[in-house]
Amino acid sequence: MSDAGGAGATDLKKSTSAASPKSKADAASNAESASRINAALGVFQALILFLICILAFSTRLFSVLRYESVIHEFDPYFNFRSTKYLVKEGFYSFHNWMDDMSWWPLGRFIGGTVYPGLMFTAAIAYHLLHAFRFTIEIRNVCVMLAPAMSMLTALATYFLTTELWDSSAGLYAAAFISIVPGYISRSVAGSYDNEACAIFAMIFTFAVWVRAVKRGTIFWGAIAAFAYFYMVLSWGGYIFLINLIPLHAGVLMICGRYSHKLYVAYCTFYILGTLLSMHVQFVSFQPVSINSPEHMASFGVFGLLQLYTYFIWTKSMVSEKQFKYLLRMAILGALALVGMLVLAAMSGKVPFLTARFKALLGSTSNIAIVKSVSEHQPSSWTTFFFDMQCLVALVPVGLYFCFMNITDANIFIILYTITAMYFSSIMVRLVLVLSPVVCVMAAIGASETMKNYSN
């Protein structure tokens, strides 16, 4: 019996050793086939993104095809004339230029009254094209800049949605942003205005911010700060960014999702972004001035982050009884500080809210300079359906999936959706800010619905 048992064990070892190389070969073959499939999917996704970029560019050329290569409207023509001066005279002359053809009879000091990001982008593109021997005139560069930037916007939307969800939703979002009417209306060929560059800068800043929170590195926080700097250069709508990102950081702290990654990302973004934004002459010292309440939220969240981190460190160093006493003192001090600010504002010592900011918050007072601009009027319900069409129906689906899978990144896109919906209802011009997040939410909803249906 023992000999038979020993022989059986020996045969089992031989069969196992013989099968082992075969199983290893099968595993290696499966891994190789999986890598080939992933590579093929990557190439396929790149091809789809390329076709989406072509679609985004071509759908904005009908004004040129139907008429000719011209600059539309008054503001784009002023931007075009400024860009011609920048290309001809150089940066320093442009920065100190006193334009006697604008704001007659006094003239206009260009360096301190414009957001120069649009002009800088067109001038850099013009010089790069000429460096590669493409002798295209500056007018055609300005006409085609908005369609070209729409391709970058589609790529930035793919990047943002991939960071929030996955690559399949990113492809949906890129396709939606390339054809959504709410964005096409501000990016057609010849519409040489600030929004041509600003929407790309806004989406790219949000995408890099989400990655900075997920990675928690100084590098990605700095990239987010530089992207924000480009947004400040391009459009006054940077105020929306510098309030939404602090709102995200504050909500994460309130929800108990504070982490050292958030601390590193926000501190790097706020300090470097504020220093860079003050180099724009039109902005100057507003980010650190009490005369600009639009920037106070970002500074307040920065201070709260320092206090919160300090309290976490203190909690680990003292007893529970001592910590509770310190916490009570801190709450009383914060309430006293808020009370002093309110009293200062009521007494007129601190200019609390500007007239335009009150209008943006929904104030119904008759402010002539605000009410006189048609873009500052409230949006009608039909505006949302005309500008975003069937995507409106998919937004609640995307919100549902985000709430069912709460992460730091999904909290950001939920806050972006809620705030953009509110502000776009107050001011019709801000439907442009709502369009990208509608595309992202609709993409998440469509992607997950198709996955569930196919499974």
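## Worked exercises: salt bridges, a cavity and a surface patch

About 40 Å³ of space lies in the largest cavity. Before we dig in, some ground rules: this is a predicted model, where local features need pLDDT of at least 70, side-chain atom pairs count only at pLDDT 80 or more, and totals for chains, interfaces and linings use all residues. Residues are numbered from 1 along each chain as its sequence is written, and side-chain values use heavy atoms, with hydrogens and water left out.

**Exercise 1. Work out what lines the largest cavity.**

Step 1: pin down the term. On a 1 Å grid over the protein atoms alone, a cavity is a set of points where a 1.4 Å probe fits but cannot get out, and lining residues have an atom within 4 Å of a point. Grid points are joined across faces, edges and corners, and a volume is the space filled by probe spheres set on the points.

Step 2: count. You get 1 cavity of 30 Å³ or more.

Step 3: list the lining. Tyr228, Ile242, Tyr270, Gly273, Thr274, Ser277, Pro287, His295 and Ser298 do the job.

Step 4: find the main contributor. Helix α12 (residues 260–277) gives the largest share, 4 residues; helices here are DSSP runs (H or I, at least four residues), strands are E runs of at least two, and both are numbered from the N terminus. For scale, the protein has 20 helices and 2 strands.

**Exercise 2. Trace the salt bridges around Glu163, then the one at Glu195.**

Step 1: recall the rule. Side chains of opposite charge can pair when their charged atoms come close. The cut-off here is a side-chain nitrogen of Lys or Arg within 4 Å of a carboxyl oxygen of Asp or Glu, and the whole structure has 9 such salt bridges.

Step 2: take the first pair. Arg211 meets Glu163 at 2.4 Å, N to O. That joins distant parts of the chain, with Arg211 in helix α9 (residues 195–215) and Glu163 in helix α6, 48 residues apart.

Step 3: add the second. Glu163 also bridges to Lys214 at 3.3 Å, N to O, and these two sit 51 residues apart, again in α6 and α9. So Glu163, Arg211 and Lys214 are linked in a network of salt bridges.

Step 4: check exposure, where buried means under 20% relative accessible area, exposed over 50% and partly exposed in between (1.4 Å probe, protein chains only). Glu163 is buried at 9%, Arg211 is buried at 18%, and Lys214 is partly exposed at 40%.

Step 5: move to Glu195. Its salt bridge is with Arg429, the closest N and O atoms being 2.9 Å apart. Glu195 lies in α9 and Arg429 in the loop between α19 (408–426) and α20 (431–454), so the bridge ties together parts 234 residues apart in sequence. Glu195 is buried, at 1% relative accessibility.

**Exercise 3. Place Thr157 in its surroundings.**

Step 1: locate Thr157, which is in helix α6 (residues 138–164).

Step 2: check its exposure. Thr157 has 0% relative accessibility and counts as buried.

Step 3: find its partners. Skipping neighbours within four places in sequence, Thr157 is in contact (heavy atoms within 4.5 Å) with Ala173, Ala174, Ile177, Ile203 and Val440.

Definitions and conventions. On a 1 Å grid over the protein atoms alone, a cavity is a set of points where a 1.4 Å probe fits but cannot get out, and a pocket is an open set with protein on both sides within 12 Å along at least five of seven lines; lining residues have an atom within 4 Å of a point.
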